[in-house]
Amino acid sequence: MSEHILKATSRNVAGKGASRRLRRAAAIPAIVYGGNAAPQPIQLEHEKVWLASQNEWFYSSILNLDIDGKVEQVLLRDMQRHPFKQLILHLDFQRVDATHALRAKVPLHFLNQEKSPAGKTSGVVITHELNEVEISCLPKDLPEAIEVDLADLAVGQVVHLSDLKLPPGVELPALKQGKEHDVAVVIAKHARAEEVESAAPAAAEVPATKAKKDDK
């Protein structure tokens, strides 16, 4: 597991007005919570965090948050973005306890799809039903991603959660909730042309014949 360091400084002033001033100064207001310590308001340099946020690890790895020279291990739990500007408005970090299992969502990396029997078969569509999964593990065992090797994927095959090869110490909480939660991760099936008409055309209705007038 790689080490990722973010530098931050503590802040004593909270509130919307203070947050707006921080953003105008190219800083991001944030909060660190969890563990046995009280929530701590902090601020980070926007440019450096924005660059870090372009990496997958920023969302699924344990981060070493250096606050005024004191390092805490945290996970990113929430990020608020501006609706159309390249601007991060707020961050929530949760402290990590090395002795307690945590839950986190990690991305799936699909490998060797093109080399698989399904990938080499014309007219077959391979769909990725999931791009990330929630896992449970100790902080030291947290992977940045889970690899899904599709080298042997056959036409008609479905890869389920239970088929994933997990790193040591990593579990999928969903599988403890019953078989109905063992959902599909990858599906390989023949493509079907969309039908021009979903059903056969209905027979043309024959206009009701006009009632004959009674002979007078």
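In this predicted model, the side chains of R95 and E72 come together in a salt bridge, with 2.8 Å between N and O. R95 belongs to strand β6 (residues 88–95) and E72 to strand β5 (residues 70–81), so the pair ties together parts that lie 23 residues apart in sequence. How exposed or buried are the two partners? R95 has a relative accessible area of 12%, and E72 has one of 16%. Buried means under 20%, so R95 and E72 both count as buried.

The salt bridge count for the model comes to 5. Here are three of them, side by side:

| Salt bridge | N to O distance |
|---|---|
| R95 and E72 | 2.8 Å |
| R103 and E134 | 3.6 Å |
| K140 and D141 | 3.1 Å |

The R103 and E134 pair also links distant parts of the chain: R103 sits in strand β7 and E134 in strand β9, 31 residues apart. Here R103 is partly exposed, at a relative accessible area of 43%, and E134 is partly exposed too, at 35%. As for the K140 and D141 pair, K140 has 60% relative accessibility; the cut-off for exposed is over 50%, so K140 counts as exposed.

Now for the nonpolar interior. The largest nonpolar core is made of 27 residues, and the members with the most contacts inside it are L108, V133, I135, L142, L153, L164 and V186. Five strands each give two or more residues to this core: β7 (102–111), β8 (124–128), β9 (132–137), β10 (146–149) and β12 (184–190). Of these, β7 supplies the largest share, with 5 residues. You may remember β7 and β9 from the salt bridge between R103 and E134.

If you would like one residue to start from in the viewer, try L153. Which residues does L153 touch, leaving aside those up to four places away in sequence? The list is S116, P117, A118, I126, V159, V186 and A188. One of these, V186, is also among the core members with the most contacts.

Apart from this core there is another, of 21 residues, whose members include L6, A52, I67 and F93.

Next, the pockets. The largest pocket has a volume of about 290 Å³. It is lined by 14 residues, and the closest to its centre are V148, D149, L150, D163 and K165. Two elements, β10 and β11 (158–160), give two or more residues to this lining, and the largest share, 3 residues, comes from β10. By residue type, the lining divides into 8 nonpolar, 1 polar and 5 charged. Strand β10 is also one of the contributors to the largest nonpolar core.

The second largest pocket has a volume of about 200 Å³. Its lining consists of E56, Y59, S60, L75, L76, R77, A104, K105, V106, P107 and E132. Which element gives the largest share of this lining? That is β7, with 4 residues. Together with β7, the elements giving two or more residues are α3 (57–60) and β5. This lining divides into 6 nonpolar, 1 polar and 4 charged residues.

Strand β7 is a handy landmark to carry away. It holds R103 of the salt bridge with E134, supplies the largest share of the largest nonpolar core, and gives the largest share of the second largest pocket's lining.

Note on methods
Residues numbered from 1 in each chain as written. Predicted model: local features only at pLDDT ≥ 70, side-chain atom pairs only at ≥ 80, totals over all residues. Heavy atoms only, no water. Core = buried A, V, L, I, M, F, W, Y, C linked by side-chain atoms within 4.5 Å. Buried < 20%, exposed > 50% of the residue type's maximum accessible area, 1.4 Å probe, protein only. Contact = heavy atoms within 4.5 Å. Salt bridge = Lys/Arg side-chain N within 4 Å of Asp/Glu carboxyl O. 1 Å grid on protein atoms, 1.4 Å probe; cavity = no way out; pocket = protein on both sides within 12 Å on 5 of 7 lines; lining within 4 Å. Points joined across faces, edges and corners; volume = space filled by probe spheres on them. Nonpolar A, V, L, I, M, F, W, Y, C, P; charged D, E, K, R; others polar.
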